[in-house]
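Please open the model in your viewer and keep the sequence panel beside it, since each stop on this tour begins with something to select. The stops follow one another, and at each one you are told what to look for.

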Amino acid sequence: MKRPDKKNIVIFASGSGSNAQRLLEHFERHPEIRVAALFSNNPKAYALQRAETYHVPALLFSRDEFYNSDKVLRQVQQFKPDLIVLAGFLWLVPQSLLHAFPDKIINIHPALLPRYGGKGMHGLNVHTAVVQAGDSESGITIHRINEEYDKGEFILQEYCPVHPEDTPEELAARVLQLEHKYLPLVVEKLLLEKDEL
Ligand code: GRF
């Protein structure tokens with residue numbers, strides 16, 4: 001049974017969902033916050049199974065439903081989200097959702113924005129670009145979203161080194177550790193209006 005007093009998180013994920021998993025774990029027995037639902041655009045997303053394992057409703061939607069109807073918006077509204085977390089979600093969020101939840105949608109990006117953001121900059125594409133540029137550090141950016149890919153207000157950036165011999169895969173693994181550590185803490189801080197992580 002849902003307890004009405006908890007704050008609700010709704011997750012959007014397109015792929016494996018290891019960040020979603022961290023949120024599911026972190027808030028499973030949390031006294032004040034719950035993961036209310038996970039939405040995905042991808043029928044093969046392992047994130048859907050992760051949600052089901054935690055007995056969290058997992059909802060699948062099509063491109064047409066997302067962009068040409070208000071079906072997804074209405075479904076999301078049923079879960080009364082206090083925060084919507086894009087955790088490896090690859091589609092641009094439509095205006096209707098942005099307007100319904102102003103300042104309530106955040107994204108995690110596996111690089112130090114504003115560099116290495118924008119359309120097509122996801123997954124290994126990001127880490128390949130960082131390694132090829134010869135940067136000595138990378139990291140994560142957790143930010144609010146707006147109408148453009150990776151352009152909303154920053155909430156947190158955390159850094160890690162890039163070693164000269166790194167492959168994109170090695171860098172991805174290092175960055176993912178930061179994502180897993182900080183995403184649940186940022187969500188908790190925002191929802192509980194804490195001053196610190
Ligand atoms: C993560 O690097 C996330 O920052 C990015 O996509 C990846 C998704 O990983 N947006 P997962 O699906 O959470 O395992």
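Begin by selecting F12, which counts as buried in this predicted model, its relative accessibility being 2%. Add F39 to the selection, and you have a second buried residue, this one with a relative accessible area of 0%. With both side chains displayed, turn to the rings themselves. A pair of aromatic rings is described by the distance of the centres and the angle of the planes. For F12 and F39 the centres are 5.2 Å apart and the planes stand at 10 degrees, so this pair is stacked. If you now colour the strands, you will find F12 in strand β1 (residues 7-12) and F39 in strand β2 (residues 33-40), so the pair ties together parts that lie 27 residues apart in sequence.

Keep F39 selected and add F79, which is buried, as F39 is. How are the rings of F39 and F79 arranged, in centre-to-centre distance and in the angle between the planes? They form an edge-to-face pair, with 6.1 Å from centre to centre and 85 degrees between the planes. Because F39 belongs to strand β2 while F79 sits in the loop between α4 (71-78) and β4 (83-86), this pair ties together parts that are 40 residues apart in sequence.

Now widen the selection to F12, F39, F61, F66, Y67, F79, F89 and W91, which form one aromatic cluster. Across the structure, the count comes to 12 aromatic pairs. Before leaving the cluster, centre the view on W91 and show R63 as well, for the charged end of R63 sits over the ring of W91, at 4.3 Å from its centre.

The next stop is helix α1, so named for residues 18-26, where the buried residues to select are S18, N19, A20, Q21, L23 and L24. What covers these buried residues of α1 includes β1, β2, α2, β4, β5 (105-109) and α7 (168-192), and you may like to display those elements one after another.

From there, select R50, which is found in helix α2 (residues 46-53). Leaving aside residues up to four places away in sequence, R50 touches S16, G17, S18, Q21 and L24. Which side chain of opposite charge is nearest to R50, and how far away is it? It is E25, at 6.7 Å, and R50, although buried, has no salt bridge.

The last stops are charged pairs. Side chains of opposite charge can pair when their charged atoms come close. A search of the whole structure finds 8 salt bridges, and three of them can be visited here. Select R144 and E153, whose side chains meet in a salt bridge at 3.4 Å from N to O; R144 counts as buried, at 18% relative accessibility. Move on to K71 and E65, where the closest N and O atoms of the salt bridge are 3.0 Å apart. Here K71 is partly exposed, with a relative accessible area of 33%, and E65 is also partly exposed, with 22%. Finally, select E28 and R29, a salt bridge whose closest N and O atoms are 3.5 Å apart. In this pair E28 counts as partly exposed at 43% relative accessibility, whereas R29 is exposed, with a relative accessible area of 71%.

How values were computed:
Residues are numbered from 1 along each chain as its sequence is written. This is a predicted model: local features need pLDDT of at least 70, side-chain atom pairs count only at pLDDT 80 or more; totals for chains, interfaces and linings use all residues. Side-chain values use heavy atoms; hydrogens and water are left out. A salt bridge is a side-chain nitrogen of Lys or Arg within 4 Å of a carboxyl oxygen of Asp or Glu. Buried means under 20% relative accessible area, exposed over 50%, partly exposed in between (1.4 Å probe, protein chains only). Helices (H or I, at least four residues) and strands (E, at least two) are DSSP runs, numbered from the N terminus. Lys and Arg count as positive and Asp and Glu as negative; His and the chain ends are not counted. Contact means heavy atoms within 4.5 Å. Rings of Phe, Tyr and Trp (its six-membered ring) pair if their centres lie within 6.5 Å; planes under 30 degrees apart count as stacked, over 60 as edge-to-face and the rest as tilted. A charge sits over a ring if NZ of Lys or CZ of Arg is within 6 Å of the ring centre and within 35 degrees of the ring normal.
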